[in-house]
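Reader: I have a structure open and want to go through its aromatic rings. Can we start once it's on screen?

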Amino acid sequence: MLSDFFETLNGFFQTDGRGFAEVFCAVWCYLAPVLGALILWRCAKPLLRFRREPETWAWLVMPDGQQLPVTHWENIIGRGRGCDIVVNLSTVSRNHAVLTRYDDGSWSLTDIGSRGAVSVNGKTVDICALQYGDVISLGGVEMVLAPTTAEEMEEQKYYRTRPAAIASPGLTLVILTVFQLLTALQFWMNGKEEAISTVVLSFLAVIGLQWLLFMALKIMRRSSFEVETLAFFLSTIGLSVIASSAPTEVTKQLICIAGGIFIYLVIGWSMRDLNRAKRFRYLAAVAGLLLLAANLVLGREINGAKNWIQIGSMSFQPSELVKLCFLYVGASTMDRIVTKRNMLSFIIYSAAICGCLALMNDFGTALIFFVALVVICLMRSGSFSALALLGTVVCCGVLLLLVIDIPPHVLRRFSTWGHAWDDPLNGGYDQVKAMTCIASGGLFGLGAGNGAFRYYVMAADTDYVFAFVCEEWGLIMGLIPVLAIILLGVFVARSAAIGRSSFYTIGACAAVAIMMTQTILNVFGTMDILPMTGVTFPFVSNGGSSMLSSWGLLAFIKAADTRQNASFAVRTAKAEEVEPYE
């Protein structure tokens, strides 16, 4: 019955409604980038305009009465300028101790190998629980841990930015819904008859998923939906790419979008309790190694890299999911730099991951993990940890270049790099066709489903998806997804300085670094600015594994959001909401 309805209505648009269809498609080419830019702008306002006041969780009262604010859940105390709490006295080590707050409001103090003793209430300790009023001595310098008052906590709530006060997330989602409906309408009028119902129903299903998630977060009293809106917008562009290139695969991509949302919620739930999140690292570490081991044993080679596992008619790329495991392990072991054992375990894990990727000849993914490792290394520093992690970075880089002969497909990509037009019929064929189709699309594109790029290049909807979008949607719409990823990066960078826990901050910074690296490699590889690595564009490229990974990475970004009632990964108090100051 439903399929008959679609066929009848489509017949109208292709016969009696032909004139309307042509007019609509001509107008939509110009309207689509306007709506896309409006969605991006409305998401950017609350993500970029929030106030960055640090939250004060306690005070360290010095002997002279000076109060040093404790603004994070993990705080390095020392005289080094990079410490969270700076005590600029000669008897205090550069990195002396770590003061940690837990989810239940309790505190602990840990000696991190200082030259001077660490004592609490006159007793030398390595690690111990703290109570308010306890006297802490670092190298003979005494201080007292004091709580914040109820008035101070209320004042912080007043001044913390509420995203909905800057731009209503519900209205932005309505605009996105209009964009999705009009996109579905274009495919309805111009798509292939045998796939029209599947394509349109897939767009309607995405609309249903985004409103369902929005309402669920509303019930949880969350006031922001910007990063999710960007993810659904990018997923919509990706779904339109598949609707043009492989309409029969839209259902599979829809299932992966739903699966990605589930992973997003599970990771968010795990991070509502940091102790639970840290326990997840053991499961994540084992899962990551097992996935790569299975890939080495069961994987099949595609385009020179053995990074796919085939199960019946389905295939997936384990290394995409290993990214999430790597972030769990990296962030949870870096959140407290207290023992060499934690550092050693992370070094061994990183080396194992890089070794497996080297054996798989997966150059692009190995480079992404390398960037994530560098970011995790730079996020926190300490004498032993900095040296150990920097040494790991160097060793991994050498491993990538020297441990295995450079595969032929990688050599071909490097030999073509910067010379695509010198050999347009062989080595540079794909990139020449990509750049030609970008030019043919102009600013506003040829219309969804009207491009020819998919007929020239096999990986048009994956490795070269930027060219695909530019040809059918135009250069303006091609750049909007790039700007959306950059927006996430700027948001995380602004949030990092006031992050509650270094677990959230490190996880978010590494996650957005992975997204931005993928985007850079995908877009610049298409344009022959960088060698082609076969890396997907987050949310946009055709691929279920990539979609699952992208939503998982988004959960780490969301967890770092410190705006009032913004992140579902952070519990909110059950007290009544307070009105902001005028």
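**Aromatic rings**

Author: Tyr349 counts as buried, at 6% relative accessibility. Keep in mind that this is a predicted model.

Reader: ok, why does 6% relative accessibility count as buried?

Author: Because buried means under 20% relative accessible area, and Tyr349 has 6%.

Reader: how many aromatic pairs does a search of the whole structure find?

Author: It finds 22 aromatic pairs. One of them is Phe326 with Tyr349: the ring centres are 6.4 Å apart and the planes are at 25°, so this pair is stacked. Planes under 30 degrees apart count as stacked.

Reader: where do Phe326 and Tyr349 sit in the chain?

Author: Phe326 is in helix H9 (residues 318-334) and Tyr349 is in helix H10 (residues 340-359). They are 23 residues apart, so the pair links distant parts of the chain. Phe326 is buried too, at 2% relative accessibility.

Reader: and what about Phe453 and Tyr464, stacked or edge-to-face?

Author: Edge-to-face, because their planes are at 75°, and the cut-off for that is over 60. Their centres are 6.4 Å apart. Phe453 belongs to helix H15 (residues 453-456), while Tyr464 lies in the loop between H15 and helix H16 (465-473).

Reader: are those two buried or exposed?

Author: Buried: Phe453 has a relative accessible area of 0%, and Tyr464 has 6% relative accessibility.

Reader: new topic. which charged end sits over the ring of Trp269?

Author: That of Arg276, 4.0 Å from the ring centre. Trp269 is also part of an aromatic cluster, whose members include Trp57, Trp73 and Phe280.

Reader: and what lies over the face of Tyr456?

Author: Lys433, at 4.2 Å from the ring centre.

Conventions. Residues numbered from 1 in each chain as written. Predicted model: local features only at pLDDT ≥ 70, side-chain atom pairs only at ≥ 80, totals over all residues. Heavy atoms only, no water. Phe/Tyr/Trp six-rings, centres within 6.5 Å; stacked < 30°, edge-to-face > 60°. Helix = DSSP H or I, 4+ residues; strand = E, 2+ residues; numbered from the N terminus. Buried < 20%, exposed > 50% of the residue type's maximum accessible area, 1.4 Å probe, protein only. Lys NZ or Arg CZ within 6 Å of the ring centre and 35° of its normal.
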